[in-house]
Amino acid sequence: MRPLRNPLIQGLLAWLLARWMAFCFATIRWQRENEGVAEAVWDQGGGVLAVFWHSRIALSPASWPLDRAQPTKALISLSPDGQFIARAVARLGFPAIRGSSANKDKADRAKGGAQALRDGLRQLKTGGLAITPDGPRGPANVMAPGLPTLARMSGAPVLLIGVSCSPAIRLNSWDRAVLPLPFGKGAVVWDRVDWPGDGDMEAVTAEWTDRLNAVEARADRLTGLSRDAA
């Protein structure tokens, strides 16, 4: 049995990961750029899409202050690995909406994706929804149409978030996931986009991909994290 499929082991590892992340976030020296864009969205309240690439899931809570920003749920896949991530981020104040387009069974895939869309739109009426537009299985840094679709249907603003830290651990996963280490340098960079009234899905997806890559690259430049393996 894979360890993450064992509920007891999964729960213990999720607790350890959450504690480690919280410790790292508290000891990292953070630099924030263009935060006024995010503050304006937080101050107005209501729905907002918080967006970052899948590789930065473990850093993402540092970009969302629970005492100032809208209460936010995370859209996380239905896989066992997704369940592990959901349990970890929930301990940091971000409960999950479960849904995925990557289940092997077509019926389950359609059911899970449709339910996640409904739950996501419901959440966006009052609060934030965190989403990794290249997840759950990539390709890395390639935006799927789910994010633009949610933005178009909900009318919610989109905060594109680049978050980085150095030193860090890079996992040998499809997304080269970044795990924080304590006492280093961190950076968060924000950008805002909105679905244009007459927007073309393909053009909007391409533009938002470029802008999300740009804020992540800027955050990496601020910390010195190498993008060679990104």
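1. In this predicted model, Trp20 and Phe23 both belong to helix 1, where three residues, or about one turn of the helix, separate them. Their rings form a tilted aromatic pair, with 6.0 Å from centre to centre and 50° between the planes. Trp20 counts as partly exposed at 36% relative accessibility, and Phe23 is likewise partly exposed, with a relative accessible area of 38%. Together with Phe183, Trp20 and Phe23 make up one aromatic cluster.

2. The structure holds six aromatic pairs, and one that deserves attention beside the pair in helix 1 is that of Trp195 and Trp208. The ring centres of Trp195 and Trp208 are 6.3 Å apart and their planes stand at 90°, so this pair is edge-to-face. Because Trp195 sits in the loop between strand 7 and helix 6 (201-223) while Trp208 sits in helix 6, the pair ties together parts that are 13 residues apart in sequence. Trp195 is buried, with a relative accessible area of 17%, and Trp208 is also buried, with a value of 1%.

3. Returning to the N-terminal part, a nonpolar patch on the surface is formed by Ile9, Leu12, Leu13, Trp15 and Leu16, which together have about 430 Å² of accessible area. Of these residues, Leu12 can be placed in helix 1, which spans residues 7-27.

4. In helix 2 (residues 35-44), the buried residues are Glu35, Ala38, Val41 and Trp42. They cover an arc of only 125° around the axis, and therefore lie on the same side of helix 2. The cover over these buried residues includes strand 1 (29-33), strand 2 (48-51), strand 6 (158-170) and strand 7 (178-193). After helix 2 comes Gly45, which has a positive phi, near 70°.

5. A further position to inspect is Thr132, found in the loop between strand 5 (128-131) and helix 5 (146-154). Thr132 counts as buried, its relative accessibility being 12%, and, leaving aside residues up to four places away in sequence, it touches Phe52, Trp53, His54 and Ile57.

6. As for the protein chain overall, six helices and seven strands are present, and from the N terminus on they follow the order α-β-α-β-β-α-β-α-β-α-β-β-α. The chain has 230 residues, of which 48% count as buried. Among contacts with a separation of 6 or more, 74% join residues 24 or more positions apart. The chain exposes about 11,000 Å², and carbon and sulfur atoms supply 55% of that area.

Methods: Residues are numbered from 1 along each chain as its sequence is written. This is a predicted model: local features need pLDDT of at least 70, side-chain atom pairs count only at pLDDT 80 or more; totals for chains, interfaces and linings use all residues. Side-chain values use heavy atoms; hydrogens and water are left out. Helices (H or I, at least four residues) and strands (E, at least two) are DSSP runs, numbered from the N terminus. Buried means under 20% relative accessible area, exposed over 50%, partly exposed in between (1.4 Å probe, protein chains only). Contact means heavy atoms within 4.5 Å. The arc is that of the directions from the helix axis to the C-beta atoms. Patches are made of residues with over 30% relative accessible area and no salt bridge: like charges are joined within 9 Å, nonpolar side chains (Val, Leu, Ile, Met, Phe, Trp, Tyr) within 5 Å. Accessible areas come from the Shrake-Rupley method with a 1.4 Å probe; for residues, only the protein chains shown count as cover. A salt bridge is a side-chain nitrogen of Lys or Arg within 4 Å of a carboxyl oxygen of Asp or Glu. Rings of Phe, Tyr and Trp (its six-membered ring) pair if their centres lie within 6.5 Å; planes under 30 degrees apart count as stacked, over 60 as edge-to-face and the rest as tilted.
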